[in-house]
Amino acid sequence: MERVCEFLNEAETYYLATVENDQPRVRPFGTAHIFEGKLYIQTGKVKNVSKQLSVNPKAEICAFMNGEWLRLAGTLVEDDRVEARQSMLDAYPSLQKMYAADDGNTQVLYFKDAIATFSSFTHEPEVIKL
């Protein structure tokens, strides 16, 4: 899990795919944080991505860096505890300009039953279960 989080943070931008009805939706993200042994991401509850995940929590992330890419697929589960939200905001101080742990908008989600696959054109894929 640490390797996955480190890769996402070093890549700085990854792309999160969700589904809206029968239409895939992809957008850039930049948060990845380990809290209490789980890999978390962050968004705002007012955003379409939050609404899409509430209907279908299956999601996939893809990030590319230095000729290697990571695909992370799993189910995103909301953690509505203020401690989880605050931990994310502490890890990403720049978010505190837009979000607060108790603002009713900040949403943190962790990956459940996730599979990470590291790939490149020069080595066989490496699969890690989170």
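Begin by selecting Thr 18 and Gln 52, whose side chains are joined by a polar contact of 2.5 Å, a polar contact being a pair of N or O atoms within 3.5 Å in which, within protein, one must be able to donate a hydrogen and the other to accept it, while residues adjacent in sequence count only if both atoms are side-chain atoms. The model is a predicted one, in which local features need pLDDT of at least 70 and side-chain atom pairs count only at pLDDT 80 or more, whereas totals for chains, interfaces and linings use all residues. Residues are numbered from 1 along each chain as its sequence is written, and side-chain values use heavy atoms, with hydrogens and water left out.

Stay with Thr 18, which is found in strand 1, residues 14-20; helices (H or I, at least four residues) and strands (E, at least two) are DSSP runs numbered from the N terminus. Thr 18 counts as buried because its relative accessibility is 3%, where buried means under 20% relative accessible area, exposed over 50%, and partly exposed in between, with a 1.4 Å probe and protein chains only. Now add Arg 27 to the selection, since a polar contact of 2.9 Å joins its side chain to that of Thr 18. Displaying the wider surroundings, and not counting residues up to four places away in sequence, you will find that Thr 18 touches Gln 23, Pro 24, Arg 25, Arg 27, Val 49, Gln 52 and Leu 53, contact meaning heavy atoms within 4.5 Å.

Move next to Gln 52, in helix 2, which covers residues 48-55. At 6% relative accessibility, Gln 52 counts as buried, and its side chain makes a polar contact of 2.7 Å with the side chain of Arg 27. Thr 18, Gln 52 and Arg 27 can therefore be shown together, as the side chains of Thr 18 and Gln 52 each make a polar contact with that of Arg 27. Leaving aside neighbours within four places in sequence, the contacts of Gln 52 are Thr 18, Val 19, Glu 20, Arg 25 and Arg 27. For a distance across the model, pick Met 88, which is 36 residues from Gln 52 in sequence and 21 Å away in space, C-alpha to C-alpha.

Is Ser 54, the next stop, buried or exposed? Ser 54 also lies in helix 2, and at 59% relative accessibility it counts as exposed. Its side chain reaches the backbone oxygen of Lys 51 at 2.7 Å, and its C-alpha atom is separated by 8.9 Å from that of Glu 78, 24 residues apart along the chain.

Finally, zoom out to the whole chain and colour by secondary structure, which shows three helices and eight strands following the pattern α-β-β-β-β-α-β-β-α-β-β along the sequence. Along its principal axes the C-alpha trace spans about 45 × 35 × 25 Å. Of the 130 residues, 44% are buried, and among contacts between residues at least 6 apart in sequence, 63% join residues at least 24 apart.
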